[in-house]
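Here are my comments on the model you sent, set out as numbered points. Please read them with the structure open beside you.

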Amino acid sequence: MPDRFVLPLFVALWSSGYVVGALAIDVADPLPLLALRFTLAALVAVPLALRHGRWRGAPLGRLAMVGVLLQVVQFGGVYGGFALGVPAALSALAMLGLSPLVTTGLAVGSGQERGDMRLWAGLAVGVLGVAISLAPELGSARVGVGVAVTLVGMLGLASATVLQRRWGAVADPRVSVAAQAVTAALIVDPAALVFGGHVDVSPQLVLCTAWLAWGMGIVSLLALVSILRRHAASALAALLLAVPAVTAIGSAVALGEALHPASLVGMLVAMAGIGAVLRREAESAPAAVAAPAATAAARRASLARC
């Protein structure tokens, strides 16, 4: 699918996870909820990968490590923070305001990307948009242990994005999703059996878990992996800056929550920052391709003269 479909689809799917996650946490504790999510995702992702995926040469061990960070650490931090009283707005600011900066810093520090003023300026504008979107709800937020748990989840998302870009770029997206789902289920399911947790079996739980497992755990993850096969980690991180405002709009429609005008203003500001990052990447891509080609042409010309 072309970027004009994949990129908006990814933002919409990722945003829906916050709305549905808030509904799900009302009827289930974080640990059993995550166990259900990962198990149901694995039951669909594995047969799909076995039938259509290309397993040969896939770095399964490394994909499993990405799964631990992206699935267990990230969502454990988010849902754990919710259970400890972290407001959704503060969680979104930590996860989606800080993670693009940390992700880009890790990518630049590890040599995957080249940082410049255009990149950091675009991300800064995007983070400003996130802050504007969430400002009305952050005034009453209290900082506590839950915020520290949420920040751990943010580090999981940031590091997983960089490692997926480095290790998973050559892997079939279906194989990558299956490996991550199985790894997460193998870690969380035994913990849920030992420690247990409250689960209110209801239509709300069924619908929410189904979406979190298959909509978020498979479709959105396939979109994430596909984007990272074609774009830099900083580009995907920038897309996450649009999620808080889109989530606010989705919450207004699905949950009847009031939509503050700041959310719309923040979304416009964030989109300006995202656009700057994506344009920078698009403009630098031809140069990156042209440089090796020019080197190869010069080498051929030198050999011809010899």
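**Notes on the predicted model**

1. I begin with a pair of residues on one helix: Phe10 and Trp14 both belong to helix H1, which covers residues 3–24, and they stand 4 residues apart, or about one turn of the helix. Please keep in mind throughout that this is a predicted model, and that the values below are computed from it.

2. How many aromatic pairs does the count give? The count comes to 2 aromatic pairs, taking ring centres within 6.5 Å as the criterion. One of them is formed by Phe10 and Trp14, whose rings are 5.3 Å apart centre to centre, with 35° between the planes. This pair is classed as tilted, because planes under 30 degrees apart would count as stacked and those over 60 as edge-to-face. As for their surroundings, Phe10 is buried, and Trp14 is buried as well.

3. Phe75 and Tyr79 also form a tilted aromatic pair, with 6.2 Å from centre to centre and an angle of 40° between the planes. Both residues lie in helix H3, which runs over residues 60–83, and they are separated by 4 residues, about one turn of the helix. Phe75 is buried, and so is Tyr79.

4. Phe75 deserves a further look, since the charged end of Arg37 sits over its ring, at 3.9 Å from the ring centre.

5. Turning to the surface, I would draw your attention to a nonpolar patch of about 290 Å², which is made by Leu98, Leu101, Trp120 and Leu151. Of these residues, Leu151 is found in helix H6, which spans residues 145–167. Is Leu151 buried, partly exposed or exposed? Its relative accessible area is 31%, so Leu151 counts as partly exposed, a class that lies between the 20% and 50% limits. That value also bears on the patch, because patch residues need over 30% relative accessible area, and Leu151 has 31%.

6. For the chain as a whole, the secondary structure consists of 11 helices and 0 strands, and reading along the sequence gives the pattern α-α-α-α-α-α-α-α-α-α-α. The protein chain has 306 residues, of which 48% count as buried.

7. Among contacts between residues at least 6 apart in sequence, 91% join residues that are at least 24 apart. The accessible surface of the protein chain comes to about 13900 Å², and 70% of that surface belongs to carbon and sulfur atoms.

How values were computed
Residues numbered from 1 in each chain as written. Predicted model: local features only at pLDDT ≥ 70, side-chain atom pairs only at ≥ 80, totals over all residues. Heavy atoms only, no water. Patch = residues over 30% accessible without salt bridge, like charges linked within 9 Å, V, L, I, M, F, W, Y side chains within 5 Å. Areas by Shrake-Rupley, 256 points an atom, 1.4 Å probe, with all protein chains shown as cover. Salt bridge = Lys/Arg side-chain N within 4 Å of Asp/Glu carboxyl O. Helix = DSSP H or I, 4+ residues; strand = E, 2+ residues; numbered from the N terminus. Buried < 20%, exposed > 50% of the residue type's maximum accessible area, 1.4 Å probe, protein only. Phe/Tyr/Trp six-rings, centres within 6.5 Å; stacked < 30°, edge-to-face > 60°. Lys NZ or Arg CZ within 6 Å of the ring centre and 35° of its normal. Contact = heavy atoms within 4.5 Å.
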